[in-house]
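Reader: Hello! I'm new to this structure and would love a close look at one part of it. Could you pick a spot and walk me through its surroundings?

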Amino acid sequence: MEIIRVKDAVQGGKKAFELIQEGMEKGAKVLGLATGSTPETLYAEMTASDIDFSHMTSVNLDEYVGLGGSDDQSYRHFMDVHLFDKKPFAETFVPNGKASDLKEECQRYDDVIASHPVDIQILGIGQNGHIGFNEPGASFEGTTSVVDLTESTINANKRYFDKVEDVPTTAISMGIGSIMRSKKIILMAFGEVKAGAIQKMIEGPITNELPASVLQNHNDVVVIIDEAAASKL
Ligand code: PGA
């Protein structure tokens, strides 16, 4: 893993954007994208730039079960607002949280991933070490599935909802096996709350109990962290 330390999330977003630009110059066509507060500075850089993404495809990591694109808290809505409305892509994929047959939706999403192999995957990390919504215990070979969110994740995400009871308890998530097939991975983490997970991801054993630790097995991972997230290394 290459570790890049930055001053803050803004500098982290700039660094991640530079890496994406380099990747695009070398022919990257498919970006694996993430939601949450972490990639917001990256998306701000992308939307402020004069780079054209209209030939690019995006494949997002996850979506809450039960929320559709018109729900303000859905990840589809987050992506539209933070990126796609301002920078159109050729095609953008996010799991459909309102699919009537969730098993079929997972299969459909695996087909999407198979036909659009991810060149550069953007990741955040949960305080419990999750990547996507692959919570502790998730299989390293996993494909897209419906996952139960842990209490830690529900608590971390409740800030986006009026009350904790409104946070969906299940989500559709790309699996770790699929994430690991991305050619390049850029994981970003900012703030003290991520320091424990970052320390275990980089210095701890590779274990399903800390899903991000699997990234030690990938040959092209760049970790962009601020001093607070790096404070336990
Ligand atoms: P955050 O979430 O960017 O909102 O901290 C990251 C994650 O849970 O993967």
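Author: Happy to! One definition helps at the start: helices (H or I, at least four residues) and strands (E, at least two) are DSSP runs, numbered from the N terminus. Please keep in mind that this is a predicted model. Residues 21–221 carry the annotation "domain: Glucosamine/galactosamine-6-phosphate isomerase" in an unreviewed UniProt entry. Helix makes up 29% of that span and strand 16%, while its end C-alpha atoms are 16 Å apart.

Let's look at an open sheet of 3 strands, ordered S4-S8-S7 with antiparallel pairing. S4 (62–64) and S7 (145–148) are the edge strands; each has a single partner, so one side of each has no neighbour in the sheet. From one strand to the next, the twist averages 30°. Between S4 and S8 (residues 170–173), which run antiparallel, there are 3 bridges. Across this pairing, Glu-63 sits opposite Ile-172 in S8.

Now for Gly-97, which meets both of those residues. Its place is in the loop between strand S5 (91–93) and helix H4 (102–115). Beyond its neighbours within four places in sequence, Gly-97 is in contact with Glu-63 and Ile-172, and also with Tyr-64, Val-65, Gly-66 and Leu-67. Is Gly-97 buried or exposed? Gly-97 counts as buried, because its relative accessibility is 5% and the cut-off for buried is under 20%. For a sense of distance, Phe-78 is 19 residues from Gly-97 in sequence, and their C-alpha atoms are 14 Å apart in space.

Conventions: Residues numbered from 1 in each chain as written. Predicted model: local features only at pLDDT ≥ 70, side-chain atom pairs only at ≥ 80, totals over all residues. Heavy atoms only, no water. Pairing = 2+ DSSP bridges. Axes fitted to C-alpha atoms, helices over the stretch in contact; angles between N-to-C directions. UniProt positions renumbered as here; feature names shortened; annotations may be inferred. Buried < 20%, exposed > 50% of the residue type's maximum accessible area, 1.4 Å probe, protein only. Contact = heavy atoms within 4.5 Å.
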